[in-house]
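Me: I would like to go through the labels attached to this model one at a time, asking in each case what the label rests on.

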Amino acid sequence: MKREPSAGVPKSALPIPDRDHIQGPIDAPIALVEYGDYECPYCGEAYPIVKAIQERLGDRLCFAFRNFPLVNSHPHAQHAAEAAEAAGAAGRFWEMHDLLYENQDALEDEYLARYAATLGLDAEPLIKEVHAGAHTARIRDDFRSGARLGVNGTPSFFINGVRYDGATDVEELLAALTEQPVR
């Protein structure tokens, strides 16, 4: 079943195949898009909640993550996003995503290199990509798509294309996910 946005729901508020980093089936009845910042403490608090929801909903959920680094508040957020995208280019986005959120207090470049090595990636080229801004265009596209949707802080969630501004605890977010009409 292909999920099509309802009237008034921008396509960009739903997971985009071949564009987004996605976990779960693209045609799942429930879609959750997160705009996040790896250095944001609120995103760090939301990370295990999203994991728990993914576990509870299984194949009924398509989860997409988009970068929204708030560089004026979080000086390491851009490099962390670059490292995640560089790992993604090597097929290891989600592993790096998880390491970054699990180690939010250690996002300096030396730690990014360690995380790359932990994932079996060659750390030196990855850090060169980070410094060169090799994935800046992708991160900027994520950021701009969020800004067009009214995102101005992180984490920001969209459930089946509709902005979710409720509490980010497991039960409330799960209730919102299962109560939203299927798209």
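The exchange below takes up the sheet, the helix packing, a salt bridge and two backbone details of a model that is predicted.

Me: What makes β1 and β5 the edges of the sheet?

Reply: The five strands form an open sheet in the order β1-β3-β2-β4-β5, with mixed pairing. β1 (21-23) and β5 (162-164) each have a single partner strand, so one side of each is left without a neighbour in the sheet, and that is what puts them at the edges. On average, neighbouring strands of this sheet are turned by 25° against each other when direction is ignored.

Me: How do you know that β1 and β3 count as paired?

Reply: The criterion asks for at least two bridges between two strands, and three bridges join β1 to β3 (residues 61-67), the two running antiparallel. Within that pairing, I22 stands opposite A64 in β3. Helix α6 (residues 136-148) packs on the sheet, where it touches β1, β2 (30-36) and β3, and its direction makes about 110° with that of β3.

Me: Why are α2 and α6 called roughly perpendicular?

Reply: Helix α2 (residues 77-89) and α6 pack at an angle of about 110°, their axes lying 9 Å apart. The range for roughly perpendicular is 65 to 115 degrees, and α2 and α6 are therefore given that description. Their crossing is right-handed. In the contact, Q78, A81, E82 and E85 of α2 meet T136, R138, I139 and D142 of α6, and by class these residues comprise two nonpolar, two polar and four charged.

Me: Why is α4 described as oblique to α5?

Reply: Helix α4 (residues 109-118) and helix α5 (residues 123-132) pack at about 135°, with 9 Å between their axes. Roughly perpendicular ends at 115 degrees and roughly antiparallel needs an angle over 145, so the value for this pair falls in neither class, and α4 is oblique to α5. α4 passes α5 in a right-handed crossing. On the α4 side the contact is made by D109, L112, A113, A116 and A117, and on the α5 side by A123, L126, I127, V130 and H131. By class, the contact has eight nonpolar, one polar and one charged residues.

Me: What makes α1 and α7 oblique to each other?

Reply: α1 and α7 pack at about 50°, with their axes 10 Å apart. Roughly parallel requires an angle under 35 degrees and roughly perpendicular begins at 65, so neither term applies and α1 and α7 are oblique to each other. α1 passes α7 in a right-handed crossing. The residues that make the contact are I49, A52, I53, R56 and L57 of α1 together with V170, E171, L173, L174, L177 and T178 of α7, and they divide into eight nonpolar, one polar and two charged.

Me: How do you know that E171 and R56 form a salt bridge?

Reply: The limit between a side-chain nitrogen of Lys or Arg and a carboxyl oxygen of Asp or Glu is 4 Å, and the side chains of E171 and R56 meet at 3.3 Å, N to O. E171 lies in helix α7 (residues 170-179) and R56 in helix α1 (residues 41-57), so the pair ties together parts that are 115 residues apart in sequence. A search of the whole structure finds ten salt bridges.

Me: What makes the peptide bond from T154 to P155 cis?

Reply: The bond from T154 to P155 has omega near -5° and is cis, and P155 is found in the loop between α6 and β4 (156-159). Most peptide bonds are trans.

Me: What is notable about the phi of D18?

Reply: D18 has a positive phi of about 65° although it is not a glycine, and this residue lies in the segment before β1. Most residues other than glycine have a negative phi.

Notes: Residues numbered from 1 in each chain as written. Predicted model: local features only at pLDDT ≥ 70, side-chain atom pairs only at ≥ 80, totals over all residues. Heavy atoms only, no water. Helix = DSSP H or I, 4+ residues; strand = E, 2+ residues; numbered from the N terminus. Axes fitted to C-alpha atoms, helices over the stretch in contact; angles between N-to-C directions. Contact = heavy atoms within 4.5 Å. Left-handed = near helix turned anticlockwise from the far one by under 90°. Nonpolar A, V, L, I, M, F, W, Y, C, P; charged D, E, K, R; others polar.
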